[in-house]
Amino acid sequence: MLRVIAVVGATATGKSALALDLAGELEIAGAPRAEIVNADAMQLYRGMDIGTAKVTPVERRGIPHHQLDVLDPSEEASVAAYQRAARADLAAIHERGGIALVVGGSGLYVQGLLDQLEFPGTDPVIRAALTERAEREGGRILHDELAARDPVAAAKIEPANVRRVIRALEVIELTGRPFSASLPEGRHHFAGTLQLGLAADMAWLDERIARRALLMLDDGFVAEAAALGELGRTASRATGYAQALAHLRGELSEDELGDAIALATRQLARRQVKWFRRDPRTHWLDAAEPGAALREARRLTLGRLG
């Protein structure tokens, strides 16, 4: 039985709009009621609305939404904590006889929710020591060490991704097992999961991102960023917000801000495309043709519902 539909893809591809439209189509077809579960890490934060393109209460059309506005911007987001909370939401939706629509572009959050994936604990002492070594010896030395201790993990982690290398070595020290033992195996946690992805030509997406950056500024994005107060490490590095804060500090002019946001968003989109494209379970839809994408999403969904 179909229990979970995931709508994934790069930022600005129209994931929220597709999910809302699909939920409406399912209702018309007499299918179980759909509820939406957010899988965008930055939409977890209260007050970060314009910059994350968070759907407003009016735009939600009366459809229940979960995992929105659950953290203060000063708090740190955690994939492990999100996994626990969002899986509880999915279980509750299923108990109510509904279908969960998971929507978002934060790859690890999507994977942590949908896949068989465990998150070993952390040790601040071990992590601090590894971080100090990386600063002193360089990330390449730590990557070489990882290659010796866990070649499978080293092959999947780029040497430039020092943070991920440190995490892999930390897990090895903590568990005594290879970090690769905790990596996902491409198996869904919930039986009955359908993955839909939105993709489009990058030139089309770049133009859409540029327009959205200007609209955000027109809608008061800088004022929203200024009103957030103290930000934790995660929120302060959010795409768009990092640039708005730089502008507020006088590091970017008003004329430079829109271009800086668009550039950072394009870079994010390319990372997301690379992340989601590697999953062969995803059924890809054309983001540039929203009507056709909705029809295909409806067909795939109702086909799985029988």
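# A first look at helix H8 and its neighbours

Let's start with helix H8, which takes in residues 202-218: its 17 residues reach 24 Å from the first C-alpha to the last, close to the 24 Å expected at 1.5 Å a residue. That expected span is 1.5 Å times one less than the number of residues in the helix. Helices here are DSSP runs of H or I with at least four residues, strands are runs of E with at least two, and both are numbered from the N terminus.

Before going on, a word on what you are looking at. This is a predicted model, in which local features need pLDDT of at least 70 and side-chain atom pairs count only at pLDDT 80 or more, while totals for chains, interfaces and linings use all residues. Residues are numbered from 1 along each chain as its sequence is written, and side-chain values use heavy atoms, with hydrogens and water left out.

## Two sides of H8

Which residues of H8 are buried? They are Leu 205, Asp 206, Ile 209, Ala 213 and Met 216. Buried means under 20% relative accessible area, exposed means over 50%, and partly exposed lies in between (1.4 Å probe, protein chains only). Looking down the axis of H8, you'd find these buried residues within an arc of 100°, so they line one face of the helix. The arc is taken from the directions that run from the helix axis to the C-beta atoms. As background, an α-helix has 3.6 residues a turn, so residues three or four places apart point the same way.

On the other side of H8, Ala 203, Leu 214, Leu 215 and Asp 218 are exposed. As for the buried residues, what covers them includes helix H9 (221-226) and helix H12 (254-277).

## H11 and H1

H9 and H12 turn up again at helix H11 (residues 241-248), where the cover over the buried residues includes H9, helix H10 (233-236) and H12. In H11, Tyr 241, Gln 243, Ala 244, Leu 245 and Ala 246 are buried.

Helix H1 (residues 15-28) has 14 residues and spans 20 Å from first to last C-alpha, close to the 20 Å expected. Its buried residues are Lys 15, Leu 18, Ala 19, Leu 20, Leu 22, Ala 23 and Leu 26.

## H4 meets H5

Helix H4 (residues 124-137) and helix H5 (residues 139-149) pack at about 120°, their axes 6 Å apart. Axes are lines fitted to C-alpha atoms, for helices over the stretch in contact, and angles run from 0 to 180 degrees between N-to-C directions. H4 and H5 are therefore oblique to each other; under 35 degrees counts as roughly parallel, over 145 as roughly antiparallel, 65 to 115 as roughly perpendicular, and the rest as oblique. From H4, the contact uses Leu 130, Arg 133, Ala 134 and Glu 137, and from H5 it uses Gly 139, Ile 141, Leu 142 and Glu 145. Contact means heavy atoms within 4.5 Å.

## Neighbours in a loop: Gly 47 and Met 48

Gly 47 sits in the loop between strand S2 (34-38) and strand S3 (65-66), and Met 48 is in the loop between S2 and S3 too. Are they buried or exposed? Gly 47 counts as partly exposed because its relative accessibility is 31%, whereas Met 48, at 0%, counts as buried.

Leaving aside neighbours within four places in sequence, Gly 47 is in contact with Lys 54, Asp 69, Glu 224 and Leu 228. By that rule Met 48 is in contact with Met 42, Lys 54, Glu 224, Leu 228, Ala 235, Ala 238 and Tyr 241. Met 48 and Leu 228 are 180 residues apart along the chain, with 7.8 Å between their C-alpha atoms. Gly 47 and Ile 63, on the other hand, are 16 residues apart in sequence and 21 Å apart in space, C-alpha to C-alpha.

## Arg 167

Arg 167 belongs to helix H7 (residues 162-175) and is buried, with a relative accessible area of 14%. Beyond its neighbours within four places in sequence, Arg 167 is in contact with Phe 119, Pro 120, Gly 121, Thr 122, Arg 127 and Phe 179.

## Some positive phi angles

Most residues other than glycine have a negative phi. Here are some residues with a positive one.

| Residue | Place | Phi |
|---|---|---|
| Gly 30 | just after H1 | about 80° |
| Arg 61 | loop between S2 and S3 | near 60° |
| Gln 67 | loop between S3 and helix H2 (79-95) | about 65° |
| Gly 250 | follows H11 | near 85° |

Gln 67 is also buried, with a relative accessible area of 11%.
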